[in-house]
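Here are a few exercises to work through with the model open beside you. Take each task first, then compare your steps with the solution.

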Amino acid sequence: MKKVYSILYCSFVIIIFSSNIYAQKITTLADSLLFYYNMEGKIINQGSEKVKSEVHSARKTNDKFGKPKSALEFYSQSGIYNRGLWIFKDINPKEYPIITVTAWVQLDNTSGSQKIMSSGNSAQTRGFGTTYEDGYTHWSANIGDSDPLLGSKVTGEWTFIAVLYNQLAEEIRFVVNNTLYSSKGKLKNGIDVITIGNFEGKVDELRMYSRFLT
């Protein structure tokens, strides 16, 4: 009986210990969430940073599950070129050497090169989008070189994108749905405004973390 009790007690301790570790990880992850835009209701940051946001040439649309007014669609308009979700925050390497950006994206135009997230007008700055190469359009991430890191071919379906930058280790990881691509690279500082949606298409569940997610 004592032996059974000891086994049960040890199991209980292990469960509690594991639960505490899990809780600590969740708390740490939540604390590192700088920006979170779920695109429902008012477009405001629900992360830890207090920032100014502006939305230009956009409308609410169905998300990947078909839920109405739960994603943001960007479109072209005549006159001044003014499109996208602008987040007035500096996420350059000097401020955040390590950062992870995730989002769900669906393109209306699946051909050519487009910027989806950028922190400057140069390929040397942090950002991702699409690149046309060898007769196909690929998802791509800026890595500090003139040529970006290419991912899988672009489709018109909702696609999960994640870009992980570790400036200290010069390491970059790029995730397209369930496929991981990696490269060495060192990015330059851009402007202190993040632009999301400089293209025709939809974005949902935008998140940015001040850590290198696994």
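**Exercise 1.** Find out whether glutamate 171 is buried, partly exposed or exposed, and identify the salt bridge in which its side chain takes part.

*Solution.* Step 1: glutamate 171 has a relative accessibility of 22%, so it counts as partly exposed. The classes are these: buried means under 20% relative accessible area, exposed over 50%, and partly exposed in between (1.4 Å probe, protein chains only).
Step 2: its side chain meets that of arginine 173 in a salt bridge, at 2.9 Å from N to O. The term requires a side-chain nitrogen of Lys or Arg within 4 Å of a carboxyl oxygen of Asp or Glu.
Step 3: arginine 173 is partly exposed because its relative accessible area is 27%.

Before you go on, a word on the source: this is a predicted model, where local features need pLDDT of at least 70 and side-chain atom pairs count only at pLDDT 80 or more, while totals for chains, interfaces and linings use all residues. Residues are numbered from 1 along each chain as its sequence is written, and side-chain values use heavy atoms, with hydrogens and water left out.

**Exercise 2.** How many salt bridges does a search of the whole structure find? Look also at the partners of lysine 52 and aspartate 90.

*Solution.* Step 1: the search finds eight salt bridges.
Step 2: one of them joins lysine 52 and glutamate 54, at 3.2 Å from N to O. Glutamate 54 is partly exposed, as its relative accessibility is 22%.
Step 3: aspartate 90 pairs with lysine 94, with 3.8 Å between the closest N and O atoms. Aspartate 90, at 16% relative accessibility, is buried, whereas lysine 94, at 57%, is exposed.
Step 4: return to lysine 52, which also lies over the face of phenylalanine 88, 5.1 Å from the ring centre. A charge sits over a ring if NZ of Lys or CZ of Arg is within 6 Å of the ring centre and within 35 degrees of the ring normal. Arginine 59 lies over the face of tyrosine 75 in this way, at 4.3 Å from the ring centre.

**Exercise 3.** Place asparagine 45 in the fold and list what it touches.

*Solution.* Step 1: asparagine 45 is in the loop between β1 (33-37) and β2 (53-56); strands are DSSP runs (E, at least two residues), numbered from the N terminus.
Step 2: asparagine 45 counts as buried because its relative accessibility is 15%.
Step 3: leaving aside residues up to four places away in sequence, it touches Leu34, Phe35, Tyr36, Tyr37 and Val51, where contact means heavy atoms within 4.5 Å.
Step 4: the side chain of asparagine 45 reaches the backbone oxygen of leucine 34 at 3.1 Å and the backbone nitrogen of glycine 47 at 2.9 Å.

**Exercise 4.** Which non-glycine residue in the loop between β1 and β2 has a positive phi of about 65 degrees? Look for a second case in the loop between β12 (171-176) and β13 (179-184).

*Solution.* Step 1: the residue is methionine 39, found in the loop between β1 and β2. Methionine 39 is buried, as its relative accessibility is 1%.
Step 2: asparagine 177 sits in the loop between β12 and β13, with a positive phi near 55 degrees. Asparagine 177 is partly exposed, with a relative accessible area of 37%.

Methods
Helices (H or I, at least four residues) and strands (E, at least two) are DSSP runs, numbered from the N terminus. A polar contact is a pair of N or O atoms within 3.5 Å; within protein, one must be able to donate a hydrogen and the other to accept it, and residues adjacent in sequence count only if both atoms are side-chain atoms.
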